[in-house]
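Trainee: I would like a close look at one part of this model, namely its salt bridges. Which residues take part, and how are they placed in the chain?

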Amino acid sequence: MTETTTRTLLSLVPKTETPQSMKDFKSDQEVRWCPGCGDYAVLAAVQGFMPELGLAKENIVFVSGIGCSSRFPYYMNTYGMHSIHGRAPAIATGLATSRQDLSVWVVTGDGDALSIGGNHLIHALRRNVNLKILLFNNRIYGLTKGQYSPTSEIGKITKSTPMGSLDAPFNPVSLALGAEATFVARTIDSDRKHLTEVLRQAADHPGTALIEIYQNCNIFNDGAFDTLKDHEQAQDAVIRLQHGQPILLGTNNSKGIIRDHTTGDLKIVEVTPQNESQILIHDAHNATPTTAFALSRLADPQTLHHTPIGVLRSVTRPVYDTQMADQLDTATEQHGKGDLDALLTGNDTWTVPG
């Protein structure tokens, strides 16, 4: 383990000795989402999980962009900022790099993060800033009343695509893995136990953690994830990933994932005594994202069959804000404290010929 990682794991965020409960993290604001919205379940899970961190509320910050999910900071009794469309990762990066005594969380949606905010998201991921990003994915624009989003399936009929969407959707997990994110996970709004466990692992991770949360919009895209929520359908549709465990699915774990040695792709097979030894063991800590990316591509973008949930990747890499703080400390030791006035009024000038 590197010195940078150790410094991050020790955490500069002050702990609190006062016992906390879910109630302590509920603000006095009336929660204003449509009745039945999946955001309520995610909010309750996060509020219920926060006491586990043992951190002073004054040292926790939620930063959001624009969208239904971005009302989240109003409902958390912590510091928070409802910021600019798509720019939450950039604003949170500035906060995390300048204040290592804060636990910084980003709440965003599929439109906010992957459309106007796509560039900011991928750079936060590649830098490995100490942020926890909750990406609510309902596969629709909810706040602006039901237009197709960057994650909507091809053929989606909406107000902005009355003849069906022609756009191929983003797979947020694949996108994050391609950006070399060090922690990538997926969970579902209504599975509180699973959601809380993923939050727990993300909070423990040094660096950027991205959690895609499938979240139901019961007004404009109701039932989008029923395949994954219905107990019987989920048996074949959901692949539950657990580090160190065989990757299985189906009733009584009758199916498994193996690698096709001809193509290198992953494929789903019926488990037999002959192929049982070939079933892949999930390794979230694999240094390369190759297998995690292949797992992320198993999900059918139209039907969501064979969707992996859980932590796809969790690896250690130097953390950006800690490295930056180390550079500043080194510069101060070698050159003393900087003088901004001297820099602005210095002699490093030039004349542009007329």
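**Salt bridges in the predicted model**

Mentor: Asp 236 has a relative accessible area of 28% and is partly exposed. In this predicted model, Asp 236 is the salt-bridge partner of Lys 255, with 3.5 Å between the closest N and O atoms. The two residues come from distant parts of the chain: Asp 236 belongs to helix H9 (residues 231–237), Lys 255 belongs to strand S9 (residues 255–259), and 19 residues separate them.

A second pair consists of Arg 313 and Glu 180, whose side chains form a salt bridge with an N to O distance of 3.6 Å. This pair, too, connects distant parts of the chain, its members being 133 residues apart. Arg 313 is in strand S11 (residues 307–314), while Glu 180 is in the loop between helix H6 (172–178) and strand S5 (183–188). Arg 313 counts as buried, with a relative accessibility of 4%, because the cut-off for burial is under 20%. Glu 180, by contrast, counts as partly exposed at 40% relative accessibility.

In a third pair, Lys 156 and Glu 153 are joined by a salt bridge whose closest N and O atoms are 3.5 Å apart. Here Lys 156 is buried at a relative accessible area of 13%, and Glu 153 is buried at 16%.

These pairs are among the 12 salt bridges found by a search of the whole structure. Shared partners also link salt bridges into one network comprising Glu 52, Glu 197 and Arg 200.

Key. Residues are numbered from 1 along each chain as its sequence is written. This is a predicted model: local features need pLDDT of at least 70, side-chain atom pairs count only at pLDDT 80 or more; totals for chains, interfaces and linings use all residues. Side-chain values use heavy atoms; hydrogens and water are left out. A salt bridge is a side-chain nitrogen of Lys or Arg within 4 Å of a carboxyl oxygen of Asp or Glu. Buried means under 20% relative accessible area, exposed over 50%, partly exposed in between (1.4 Å probe, protein chains only). Helices (H or I, at least four residues) and strands (E, at least two) are DSSP runs, numbered from the N terminus.
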